[in-house]
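These are my notes from going through one model, strand by strand and then ring by ring. I wrote down what I looked up and what came back.

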Amino acid sequence: MGIEIERKFLVTGDGWRTAAHAVIPMAQGYINDAAALDSGAQKASVRVRIQGGQAFLNLKSREIGHTRQEFDYPIPVDDARALLALSVGGLIDKRRHLVEHGGLVWEVDEFLGDNAGLVVAEVELEHADQSIAMPAWVGEEVTDDVRYYNLALAAHPFSRWVR
């Protein structure tokens, strides 16, 4: 069983751009929706993702916070395209920038489409209480704010938020 331990932050400014050593285009959608999880009818999100020339089917348990069960399986890209056509809610379109800082790889997601304007940084940890060196471009932590989960952004895009 895979366990994901991850913290998520809003990004302030563009200081991370010059440090990025890779950029991966991503398109993803969900086979189930947030309402099924919120009601308790389902206990895991089912996501399909195409990233670069690869595709994955992902299941992630619905715990709030930084630790969840996660299962990731490679699938053929043509299958992923067919599954994206079956997804509920909107599609997530983003560019993932990989940035090394403080001995960790930060994933800076720059959202496009209906979520344009949103930039978040995630860092995966080995254990929940691991200390991390915060880059200058990291702002407010949103790990526990479900609005920033990709599943929620598919249903309620950033462009429709009242800010």
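Which residue in S8 does Phe-9 stand opposite? I looked it up and found Ala-121. I note here that the model is a predicted one.

**Entry: strand S1**

I followed S1, residues 3-11, through its pairings. S1 and S8 (residues 119-124) run antiparallel and are joined by 5 bridges. S5 (residues 67-75) is joined to S1 by 3 bridges, again antiparallel. In that pairing I found Thr-67 of S5 as the bridge partner of Ile-5. I also found 2 bridges from S1 to S9 (residues 138-141), and this pair runs antiparallel too. Phe-9 turns up here again, since it stands opposite Glu-141 in S9.

I then checked burial. In S1, 8 of the 9 residues are buried, so the strand is largely enclosed by the rest of the structure. Phe-9 has a relative accessible area of 2%, so I entered it as buried; the cut-off is under 20%.

**Entry: strand S2**

I turned to S2, residues 20-30. It pairs with S6 (residues 88-101) in the antiparallel sense over 9 bridges. S2 is also joined to S3 by 5 bridges, and these two run antiparallel. I used Gln-28 as a marker for both pairings. Its bridge partner in S6 is Ile-92, and in S3 it stands opposite Arg-49. For orientation I wrote down that side chains in a regular strand alternate between the two faces of the sheet.

**Entry: aromatic pairs**

How many aromatic pairs does the count come to? I got 4. For Phe-9 and Trp-106 I read 5.8 Å between the ring centres and 50° between the planes, so I logged the pair as tilted. Phe-9 belongs to S1 and Trp-106 to S7 (residues 104-111), so this pair links distant parts of the chain, 97 residues apart. Trp-106 is at 0% relative accessibility and counts as buried.

I next took Tyr-148 and Trp-161. Their rings are 5.1 Å apart centre to centre with 75° between the planes, which is edge-to-face. Tyr-148 lies in the loop between S9 and H3 and Trp-161 in the segment after H3, so the pair ties together parts 13 residues apart in sequence. Tyr-148 is buried at 8% relative accessibility, and Trp-161 is buried with a relative accessible area of 16%.

I also looked for clusters. Ring pairs link Phe-9, Trp-106 and Trp-137 into one. Separately, I found Arg-68 over the face of Tyr-149, 5.0 Å from the ring centre.

**Entry: the largest pocket**

How much space lies in the largest pocket? I noted about 410 Å³. It is lined by 25 residues, and the closest to its centre are Glu-4, Arg-47, Lys-60, Glu-70 and Asn-150. I listed the elements that give two or more residues to the lining: S1, S3 (44-51), S4 (54-61), S5, S8 and H3 (150-155). By class I recorded 15 charged, 5 polar and 5 nonpolar residues in the lining.

**Entry: back to Phe-9**

I closed on the residue I began with. Phe-9 stands opposite Ala-121 in S8 and opposite Glu-141 in S9. Its ring is in the cluster with Trp-106 and Trp-137.

Definitions and conventions. Residues are numbered from 1 along each chain as its sequence is written. This is a predicted model: local features need pLDDT of at least 70, side-chain atom pairs count only at pLDDT 80 or more; totals for chains, interfaces and linings use all residues. Side-chain values use heavy atoms; hydrogens and water are left out. Buried means under 20% relative accessible area, exposed over 50%, partly exposed in between (1.4 Å probe, protein chains only). Helices (H or I, at least four residues) and strands (E, at least two) are DSSP runs, numbered from the N terminus. Two strands pair if DSSP finds at least two bridges between them. On a 1 Å grid over the protein atoms alone, a cavity is a set of points where a 1.4 Å probe fits but cannot get out, and a pocket is an open set with protein on both sides within 12 Å along at least five of seven lines; lining residues have an atom within 4 Å of a point. Grid points are joined across faces, edges and corners, and a volume is the space filled by probe spheres set on the points. Ala, Val, Leu, Ile, Met, Phe, Trp, Tyr, Cys and Pro count as nonpolar, Asp, Glu, Lys and Arg as charged, and the others, Gly among them, as polar. Rings of Phe, Tyr and Trp (its six-membered ring) pair if their centres lie within 6.5 Å; planes under 30 degrees apart count as stacked, over 60 as edge-to-face and the rest as tilted. A charge sits over a ring if NZ of Lys or CZ of Arg is within 6 Å of the ring centre and within 35 degrees of the ring normal.
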